[in-house]
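Me: Please give me a close look at one part of the structure below, with the cut-offs behind each term. I would like to follow that part through its surroundings in one connected account.

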Amino acid sequence: MGAITLVFGTETRSVDIPYVTPEFETNVKSVFITGELGGMGLIKNATTQGVQAVNNIAARARHAPADNKVHDVLIVGAGPAGIGASLAALKHKLKYVTIEQDDIGGTVLNYPRHKIVMTSPVELPLYGKIKLKETSKESLLELWTDVIRKTGLKINTFEKMISMTKDGDFFIIKTSKGEYYARHIVLAIGRRGTPRKLGVPGENLSKVAYRLLEPEQHQNHHVIVIGGGDSAVEAAMAIADQPGNKVLLSYRGEALSRIKPMNKTRLDDALAKKKLDLLLNSNLKEIGEKDVKLAVGEKVSTLKNDYIYIFAGGELPNEFLKSIGVQIEKKFGKA
Ligand SMILES: Cc1cc2nc3c(=O)[nH]c(=O)nc-3n(C[C@H](O)[C@H](O)[C@H](O)COP(=O)(O)OP(=O)(O)OC[C@H]3O[C@@H](n4cnc5c(N)ncnc54)[C@H](O)[C@@H]3O)c2cc1C
């Protein structure tokens, strides 16, 4: 009805949004951005944009023969936008490859268990209309699994894009598993970024996580939270609030100097009440199934441990975009 206008940012607080044309192409020719990375969140919007971007690519792609090593399109990310884009690529019979650093689902995969998902009906290429309005995280992930099975969509999971360079007519994309060549790129990588890893032995164990979804799942556990920022402090306190947990907040620095005053007050209070422990100047050395090795100076101690949460920052998508020359615009409440 025109009664509501959606804007990016506010008059005083800007958001950084990459520049894209109405075809979702950035200022770097043949590099497209869809979904939340382009500023348009929500499952339906992201999915639809992914489809539209690849429809635009299909209109100009040369349809490389199957034996050609150069792909028509490489899609990065398999959240809603990447799934939409990949289905469109399959429908248009493009030679495509989709890589996803995690498992299929994007941000949805990281929703809390049984979260209610509000969405709107969306048309999926080769599958038809999904008439969902309200569903759960688990049902939505199941639906995507069904879509992938029925359409024969191929997604290379647990493969991370490391770098992207241009070589004449095509791009060279280096990943954690190899190298690809592609004429068009669709970046559907969302805005959450990639959490930074510590690189210590045992970090690949399933008890290690980089975000806390449900503090309630921890009761009577020995938990170590690594980091010195607000996310680490808030996670440590949330787990310490659950019954029976023994929580240690470990930070390599001398003081928690970056945290919000409110968190500082709450943490000091929790430490005084012995709800958790804080170990400054400490470094995680090794993670075992049932314990960890933690160093303070030269002294290494072995501590009992069930779960580890690491909040060591991460690579933000905007840093990557700038490195490949994509123009970023600051929007102050722009419609
Ligand atoms: C707590 C929460 C609740 C929400 N609830 C709703 C809701 O009820 N309804 C709704 O419509 N929306 C909801 N949203 C928003 C919605 O989840 C997002 O808008 C949507 O997931 C964006 O889709 P996307 O595909 O653009 O990005 P994402 O879903 O973030 O997917 C990006 C994918 O790219 C991958 N990736 C990133 N970097 C790389 C790399 N270098 N190499 C390979 N892969 C990479 C990531 O692993 C990820 O899987 C919610 C969001 C949150 C955080």
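Reply: Happy to, and let us come in from the outside: Lys274 counts as exposed because it has 8 C-beta neighbours inside 10 Å. The cut-offs here are 20 or more other C-beta atoms within 10 Å of a residue's own for buried, 12 or fewer for exposed, and anything in between for partly exposed, with C-beta atoms placed from the backbone. Keep in mind that this is a predicted model: local features need pLDDT of at least 70, side-chain atom pairs count only at pLDDT 80 or more, and totals for chains, interfaces and linings use all residues. Residue numbers start from 1 along each chain as its sequence is written.

Lys274 sits in the loop between α5 (261-272) and β17 (277-279). Helices and strands are DSSP runs numbered from the N terminus (H or I, at least four residues, for helices; E, at least two, for strands). Lys274 comes after α5 and has a positive phi near 60°, although Lys274 is a residue other than glycine. The helix before it, α5, is hardly covered, with 1 buried residue among its 12. From first to last C-alpha, α5 reaches 16 Å, close to the 16 Å expected at 1.5 Å a residue; the expected span is 1.5 Å times one less than the number of residues.

Now to the part I would pick for the close look, α2, and its partner β12. The helix α2 is mostly covered, as 10 of its 12 residues are buried. Those buried residues are Pro80, Ala81, Gly82, Ile83, Gly84, Ala85, Ser86, Leu87, Ala88 and Ala89. They pack against α1, β3 (70-76), β4, β6 (122-124), α3 (137-151) and β12 (179-187), where a contact is two C-beta atoms, placed from the backbone, within 7 Å. The geometry of α2 is as expected: its end C-alpha atoms are 17 Å apart, which agrees with the 16 Å that its 12 residues should span at 1.5 Å a residue. Just after α2, Lys93 takes a positive phi of about 55°.

What does α2 give to the shell around the ligand? It supplies 3 residues, the largest share. At least two residues each come from α1 (43-60), α2 (80-91), β4 (96-100) and β5 (116-118). The residues that come nearest the ligand, out of 32 around it, are Gly35, Gly77, Gly79, Gly106 and Gly190; a residue belongs here if its C-beta atom, placed from the backbone, lies within 6 Å of the molecule. By class, the shell has 16 nonpolar, 11 polar and 5 charged residues. Ala, Val, Leu, Ile, Met, Phe, Trp, Tyr, Cys and Pro count as nonpolar, Asp, Glu, Lys and Arg as charged, and the others, Gly among them, as polar.

On to β12, one of the elements that the buried residues of α2 pack against. With 7 of its 9 residues buried, β12 is largely enclosed by the rest of the structure. Strands pair if DSSP finds at least two bridges between them. β3 and β12 pair in the parallel sense over 6 bridges, with Val70 opposite Tyr181. The strand β2 (residues 31-33) also runs parallel to β12, joined by 3 bridges, and there Val31 stands opposite Ile185. By contrast, β11 (residues 170-175) runs antiparallel to β12 over 4 bridges; Ile173 stands opposite Tyr180, and β11 and β12 form a hairpin with 3 residues between them.

Arg183 lies in this strand, β12. Arg183 is buried, having 20 other C-beta atoms within 10 Å. Beyond its neighbours within four places in sequence, Arg183 is in contact with Ser30, Ala61, Val70, Asp72, Asp169 and Phe170. The C-alpha atoms of Arg183 and Lys166 are separated by 9.5 Å, with their places 17 residues apart along the chain.

Two more residues fill in the picture. Asn55, in helix α1, counts as partly exposed with 17 C-beta neighbours inside 10 Å. Phe24 lies in the loop between β1 (15-18) and β2, has a positive phi of about 75° although it is not a glycine, and is buried with 25 other C-beta atoms within 10 Å.
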